[in-house]
Amino acid sequence: MAKLIGSIKVDIQKCKGCDLCVIACPLDVIALSKDANSKGYNFAHMINPDACNGCSACAEVCPEASITVYRVRV
Amino acid sequence: MNNMNITDIVNPANLVYKKNSVLNDLPMHYCPGCSHGVVHKLLGDIIEELNIQEQTIGVAPVGCAVFAYKYLDIDWQQAAHGRAPALATAIKRLLPDRYVFTYQGDGDLAAIGTAETLHACNRGENIVIIYINNGIYGMTGGQMAPTTLLGMKSTTSPKGRMYERDGNPLDMPKLLAELDGVCYVTRQAVHTVGAVKKCRRAIKKAFEYSALNKGTSIVEVVSTCNSGWKMTPDFANRWMVENMFSKYPLGDIKDTIQA
Ligand SMILES: Cc1ncc(C[n+]2csc(CCOP(=O)(O)OP(=O)(O)O)c2C)c(N)n1
């Protein structure tokens, strides 16, 4: 059975920590970091990278277009 | 089981989603979670997909989106408050081979610009109107707009909008759909992945229709203004689903081209 493995890259300086990607992710891959970017926003990052299947839900809803998504079929 | 590491996956060959190239790299001035950002992104996606970056002219409004011209790398004009459809009329008539769109809030389109909007649509100008309806005047601090829901609190209706005093919420797209000059009217939202994808298709259709010279296309995006509504972005989305969608139901209102 083919399996999809994904990963995201967040532009942490553009991220405003709005949390919408965290809510959109169906696999609970993303959370807001305890660290903040230079503007003081707690940016989004992967806390559970193994669960990501590259569905791009996070990137679709991101108002800052700060998420890039990669996916491989293995 | 997963013997690939992140560096193997994060590789241009495996790219499935990236920011379009029409949207530039400037950080947007919008509040965290604002719907404007998502709609800007969708416009960039479509302009890139249709390969019309050189032929597209946007008209920015007065309101939070007044700086839209800073973010999308196309030609822009910035109109006086509410006058975007009048300016777009002139641009489209002088340069009929361009894709011309206005980008307007509800304060801009449904209050101060009602006359310009109605008459541009009645003349059937071959433009696209992107209408961001967040139910308030966002930029100036959350005052009541004609679109504010009954009972909805704003800085100028702190106890909620009252019919007896303030009248009913105004549904402009429904009104404009009655005009023969208008070929396409749809109401969308961008609160979920599914909604974002539908909205992208609707905006694309509106751009394609505007090149057919069959009249005005209107895409309303029922939106949140989480800071004006004094809610978190997520709560604002849920509030919108529960309250806005009954007055402003999603879906196509008119499509004379596909019908
Ligand atoms: C002629 C004129 N009248 C009033 C204003 C003040 N003003 C600036 S933005 C705005 C309302 C914008 O609200 P909306 O169109 O809903 O856009 P939003 O900011 O919510 O995106 C008003 C009344 C102005 N700039 N010019």
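Here is a short conversation about a predicted model, covering its ligand and the contact between its two chains, A and B.

Visitor: Which residues come nearest to the ligand?

Guide: Welcome! The ligand has 16 residues around it. Those that come nearest are B:His36, B:Cys64, B:Gly107, B:Asp108 and B:Gly138.

Visitor: How far is an oxygen atom of the ligand from a polar backbone atom of B:Asp108?

Guide: Let's look at three residues in turn. With B:His36, an N or O atom of the side chain is 2.9 Å from a ligand oxygen. With B:Cys64, a backbone N or O atom lies 2.8 Å from an oxygen of the ligand. For B:Asp108, a polar backbone atom and a ligand oxygen are separated by 2.7 Å.

Visitor: What share of the ligand's area does the protein bury?

Guide: Start with the ligand taken alone, which exposes 590 Å². Of that area, the protein buries 72%.

Visitor: Which element gives the most to the shell around the ligand?

Guide: Two elements of chain B give two or more residues to this shell: α4 (106-112) and β6 (136-137). By class, the shell has six nonpolar, eight polar and two charged residues. The element that gives the most, with four residues, is α4(B).

Visitor: Now for the two chains: how much area is buried between chain B and chain A?

Guide: The size of an interface is often given as the accessible area lost when the parts come together. Here the contact takes 32 residues from chain A and 37 residues from chain B. Carbon and sulfur atoms give 67% of the buried area. That area is about 2700 Å².

Visitor: Which residue of chain A forms a salt bridge with B:Arg200?

Guide: Between chain B and chain A the count is one salt bridge. Its closest N and O atoms are 2.9 Å apart. The partner of B:Arg200 is A:Glu60.

Visitor: And how many residue pairs are in polar contact between chain B and chain A?

Guide: This count takes pairs in which both residues have pLDDT 80 or more. Between chain B and chain A, the number of such pairs is nine.

Visitor: Which element gives the most to the side of chain B that touches chain A?

Guide: Several elements of chain B give two or more residues to that side: α1 (6-9), β1 (15-17), α2 (35-49), α8 (193-210) and α10 (233-247). The residues there divide into 21 nonpolar, nine polar and seven charged. With four residues, the element giving the most is α8(B).

Terms used. Residues numbered from 1 in each chain as written. Chains lettered and ligands numbered in written order. Predicted model: local features only at pLDDT ≥ 70, side-chain atom pairs only at ≥ 80, totals over all residues. Heavy atoms only, no water. Near = heavy atom within 4 Å. Polar contact = N/O pair within 3.5 Å; in protein donor to acceptor, adjacent residues only side chain to side chain. Areas by Shrake-Rupley, 256 points an atom, 1.4 Å probe, with all protein chains shown as cover. Nonpolar A, V, L, I, M, F, W, Y, C, P; charged D, E, K, R; others polar. Contact = heavy atoms within 4.5 Å. Buried area = accessible area lost by both parts, 1.4 Å probe. Salt bridge = Lys/Arg side-chain N within 4 Å of Asp/Glu carboxyl O.
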